[in-house]
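Open your viewer and get ready to select residues by number. We will make a few stops, one after another.

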Amino acid sequence: MASVDDSITTLHSDIIQTQILTRLDGPTLASTASTSSYLQTLCTEQKLWQELSTATWPSIKDPRVVQAISSFPSGYRSFFADSYPFTEHTCRSEKHDPPTAGLISAVDLYYRGELIYSKVQEMETEKGKSGWFLTSPFRVDILDPKESVQTRIRYPGGDYDAWVKHMEESMRLSWIVIDPIKKRSANISSRKAVSARRNWLTGDLEIRFSTIVTAAAAAEVAAVVSCGSAEAWKEVDEEVGGEVHVRDVRLQVEDIEGKCMKGKDSLVILQGLLEGKRCCKDGEERRAKERYEEYVGTKRQWREKKECREKAQDTICMIFGFSLFVLLWSFILLR
């Protein structure tokens with residue numbers, strides 16, 4: 001009986017690589033490599049993984065990312081193995097292993113499968129040497145304050161809530177953080193949105209893609225996309241509708257209170273995600289939203305407990321103040 005290698009070698013290697021392997025996605029390609037030594041050799045070709053990676057994340061064609069990936073142990077194959085699966089946070093000790101400076105963000109935003117925005121940006125963590133970055137709230141803005149991205153998306157007018165649900169289901173975001181020094185990468189976005197709601201201060205629709213960190217202190221690594229328009233529909237008349245622009249794409253790390261964490265603590269969390277376990281199981285996108293909803297519930301319970309404690313403290317202060325007042329007047333009247 002012929003072995004797998006003997007059977008597959010009847011096909012020319014060029015046919016296998018150009019007509020078969022190029023049609024496979026990353027997980028299937030990795031599985032194919034484990035079936036025989038011959039296929040393993042063909043499946044580890046750098047060009048194959050490079051084409052697969054750039055097709056999945058167009059932003060990584062940027063020269064800065066190309067240079068960073070070239071230093072990875074197995075190049076694009078290592079990068080794909082790090083960036084494609086979902087990542088889980090791993091506790092770190094910042095005393096023994098301080099956060100790396102010079103992280104790179106590679107961002108790709110899609111609407112109904114169509115790429116509408118792509119950009120690479122270096123995180124300015126070098127400012128941490130002077131203490132400014134490490135002690136300030138952590139936030140990475142991909143768009144400049146006055147910049148907006150035109151899209152083919154339109155708000156048709158009418159049922160705003162239905163349109164919000166449509167946007168939540170239609171938008172996808174990939175946010176890959178790359179550590180060129182430690183040669184690791186991680187996609188810290190939930191890919192599919194976990195929530196979408198209107199910001200009543202700006203009128204923009206904010207779509208959130210979050211990864212929940214539960215190790216040590218609970219936190220949320222949130223990539224937020226704000227969509228709005230210069231037209232009046234978002235602020236005055238929702239019946240009018242209009243063209244939708246992407247106004248803001250940002251990354252921030254929030255604690256259980258919803259406050260932005262400082263740069264030092266945020267970098268520790270990002271490094272924990274970079275070094276965390278990877279998971280490619282089916283349903284991870286759905287579970288990411290479930291974890292977010294559980295986290296929102298935990299935040300609600302935490303706020304309720306905090307309010308109860310504050311009310312109890314206020315009650316105690318009032319009783320103490322009233323008792324002191326009565327005691328004072330009793331002392332005056334009984335003299």
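Start by selecting leucine 173 and arginine 191. Leucine 173 stands opposite arginine 191, which belongs to strand 8. Keep in mind that you are looking at a predicted model.

**Stop 1: strand 6 and its partners**

Now widen the selection to residues 171-179, which make up strand 6. Is this strand mostly covered or mostly open? It is mostly covered, with 8 of its 9 residues buried. Buried here means under 20% relative accessible area.

Add residues 191-192 to see strand 8. Strand 6 and strand 8 are antiparallel and share 2 bridges.

Next, add residues 104-111, which are strand 2. How many bridges join strand 2 to strand 6? There are 8, and the two strands run antiparallel. For one pairing, pick aspartate 108: its bridge partner in strand 6 is serine 174.

Then select residues 184-187 for strand 7. Strand 7 pairs with strand 6 in the antiparallel sense, over 4 bridges. Click isoleucine 178, and look for serine 185 in strand 7, its bridge partner. Strand 6 and strand 7 form a hairpin with 4 residues between the strands. Which residue of this hairpin takes a positive phi near 60°? Lysine 183 does.

**Stop 2: helix 7 and a distant lysine**

Select residues 76-83, which are helix 7. Of its 8 residues, 6 are buried, so helix 7 is largely enclosed by the rest of the structure. The buried ones are Tyr76, Ser78, Phe79, Phe80, Asp82 and Ser83.

Keep aspartate 82 on screen and add lysine 277. The two are 195 residues apart in sequence, and their C-alpha atoms are 9.4 Å apart in space. Lysine 277 sits in the loop between helix 10 (263-274) and strand 13 (278-279). Why does lysine 277 count as exposed? Its relative accessibility is 64%, and exposed means over 50%.

**Stop 3: residues 315-334**

Finish with residues 315-334. An unreviewed UniProt entry places the feature "transmembrane region" here. The span is 95% helix and 0% strand, and its end C-alpha atoms lie 28 Å apart.

Now highlight Phe322, Phe325, Val326, Leu328, Trp329, Phe331, Ile332, Leu333 and Leu334. They form a nonpolar patch on the surface. Together they have about 1000 Å² of accessible area.

Click leucine 334 last. Leucine 334 lies in the segment after helix 11 (284-333). Leucine 334 counts as exposed because its relative accessibility is 74%.

Conventions
Residues numbered from 1 in each chain as written. Predicted model: local features only at pLDDT ≥ 70, side-chain atom pairs only at ≥ 80, totals over all residues. Heavy atoms only, no water. UniProt positions renumbered as here; feature names shortened; annotations may be inferred. Buried < 20%, exposed > 50% of the residue type's maximum accessible area, 1.4 Å probe, protein only. Pairing = 2+ DSSP bridges. Patch = residues over 30% accessible without salt bridge, like charges linked within 9 Å, V, L, I, M, F, W, Y side chains within 5 Å. Areas by Shrake-Rupley, 256 points an atom, 1.4 Å probe, with all protein chains shown as cover. Salt bridge = Lys/Arg side-chain N within 4 Å of Asp/Glu carboxyl O.
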